[in-house]
Amino acid sequence: MQYLFVDFEGEKQGPWPASQLKDWFAYGHLTESTMVWADGMQDWAPLMEVEPLYALCKEKDAPASAAAAPAAKGVPVATSATPASKSKATDLPPPVVFIHDSDAFEEAAAKKYERRRLIAKWSNCLAAAVLAATAGIVTVVGPAALANPRCPTNDTSFERVVFCWLSVFGLVMLLAELSVSCIRTYVHFLAYRTGRAATMIYCATIIATKMLCEKPSDETLAEAAHFNFRPLFKELHWKFIGVFALLVLASVLNINLAAADAENLETAARSKRKLPK
């Protein structure tokens, strides 16, 4: 039977035949606590708990002189028989220790994914918190609190109601990103990265309507004949642009991470291992 085992450096080795593990056990390269696994076993187990293998490793070789018949008187006896304890070469090589390329790649990929996940999580938290705060200020104080003083702003009850809902969305998305169970249970689409990304894109679209300066129609018509980009940049609502940029960035990070999740699931399905982890 072929066995896998975990070496002293924590790497999986094998499969190797039981006879080879017996030799390594005899010279101390394996111990009774070495974790082993073979087909038919439910999980990894210490070598001493795997009865067939442990019995083989503990089996003593019979001395070569044990079967020799007593010599007759006057007949020379061969004395070159080697004791069982010396019958094996003392330079038996230890198990080959190597780092599996696939394991090293998986570990590096897992660390990279974890970094991306943390960046996406805290970017989403920041975007949601800024959205909730910004929309809350517009709801309570009015758009003029965050608008460019050079630009006139419309302050209507409809606009305040819209920003009130944006503030609620921002707060709910923040709680969902922080894995608050009741939010992810009752607002189920926010339990998914794609759901949170779609909500942020929706909120960013509404915020985008507040980025440009709204001038009275007579001034707009007067400047249409000699349009210039320079005054436009002076009249942008930069605070709303910042909120818009954060929401778009968080949406992109969520979408990229959702794509990585799908790719990881597909890869795991293709290369599903038979061995227990």
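Student: Which residues does T199 touch, not counting residues up to four places away in sequence?
Tutor: This is a predicted model. T199 is found in helix α6. Leaving out residues up to four places away in sequence, the residues touched by T199 are M173, F189 and L190.

Student: Is T199 buried or exposed?
Tutor: Take the relative accessible area, which is 11% for T199. Buried means under 20%. The value for T199 falls under that cut-off, so T199 is buried.

Student: What is the strand order in the open sheet?
Tutor: The sheet has 4 strands, and the pairing is antiparallel. The edge strands, each pairing on one side only, are β2 (12–17) and β4 (45–46). Read across, the order is β2-β1-β3-β4.

Student: How many bridges join β1 to β2?
Tutor: These two strands run antiparallel. They form a hairpin, with 5 residues between them. In the turn, G10 has a positive phi of about 85°. The number of bridges joining β1 to β2 is 4.

Student: What is the bridge partner of F5 in β2?
Tutor: Look at both neighbours of β1. In β3, F5 stands opposite V36. In β2, the bridge partner of F5 is Q13.

Student: Which residue of β3 stands opposite L4?
Tutor: Strand β1 covers residues 2–6, and strand β3 covers residues 35–37. The two pair in the antiparallel sense over 2 bridges. Opposite L4 in β3 stands W37.

Student: Which strands does α1 touch as it packs on the sheet?
Tutor: Start with F5 of β1, which faces V36 in β3. Helix α1 packs on this sheet, and its direction makes about 115° with that of β2. The strands touched by α1 are β1, β2 and β3.

Student: How many salt bridges does a search of the whole structure find?
Tutor: Side chains of opposite charge can pair when their charged atoms come close. One of the pairs here is R117 with E114. The search of the whole structure gives a count of 6.

Student: How far apart are the closest N and O atoms of E59 and K22?
Tutor: E59 forms a salt bridge with K22. The pair links distant parts of the chain, 37 residues apart: E59 is in the loop between α2 (51–58) and α3 (101–140), and K22 is in helix α1 (residues 18–26). The cut-off for a salt bridge is within 4 Å. The closest N and O atoms of this pair are apart by 3.7 Å.

Student: Is K22 buried or exposed?
Tutor: Its partner E59 counts as partly exposed, at 47% relative accessibility. K22 has 11%. Buried means under 20%, so K22 counts as buried.

Student: Why are R117 and E114 separated by about one helical turn?
Tutor: Their side chains meet in a salt bridge at 2.8 Å, N to O. R117 is partly exposed at 25%, and E114 counts as partly exposed at 34%. The separation is about one helical turn because, in helix α3, the two are apart by 3 residues.

Student: Which helix holds D261, the salt bridge partner of R193?
Tutor: The closest N and O atoms of R193 and D261 are 3.1 Å apart. The pair links distant parts of the chain, 68 residues apart. R193 is in helix α6 (residues 193–208), and D261 is in helix α9 (residues 238–270). R193 is buried at 18%, whereas D261 counts as partly exposed at 22%, and the helix of D261 is α9.

Student: How many residues does the largest nonpolar core have?
Tutor: Those with the most contacts inside this core are L131, F163, L166, M173, I207, F240 and L247. At least two residues each come from α3, α4 (157–177), α6 and α9. A second, separate core of 14 residues includes F5, L21, L47 and L53. The size of the largest core is 24 residues.

Student: What is the count of disulfides?
Tutor: A disulfide is a covalent bond between the sulfur atoms of two cysteines. C57 counts as buried, at 8% relative accessibility. C125 is buried too, with 5%. With a sulfur cut-off of within 2.5 Å, the count of disulfides is 0.

How values were computed:
Residues are numbered from 1 along each chain as its sequence is written. This is a predicted model: local features need pLDDT of at least 70, side-chain atom pairs count only at pLDDT 80 or more; totals for chains, interfaces and linings use all residues. Side-chain values use heavy atoms; hydrogens and water are left out. Buried means under 20% relative accessible area, exposed over 50%, partly exposed in between (1.4 Å probe, protein chains only). Two strands pair if DSSP finds at least two bridges between them. Contact means heavy atoms within 4.5 Å. Axes are lines fitted to C-alpha atoms, for helices over the stretch in contact, and angles run from 0 to 180 degrees between N-to-C directions. A nonpolar core is a set of buried Ala, Val, Leu, Ile, Met, Phe, Trp, Tyr and Cys residues joined through side-chain atoms within 4.5 Å.
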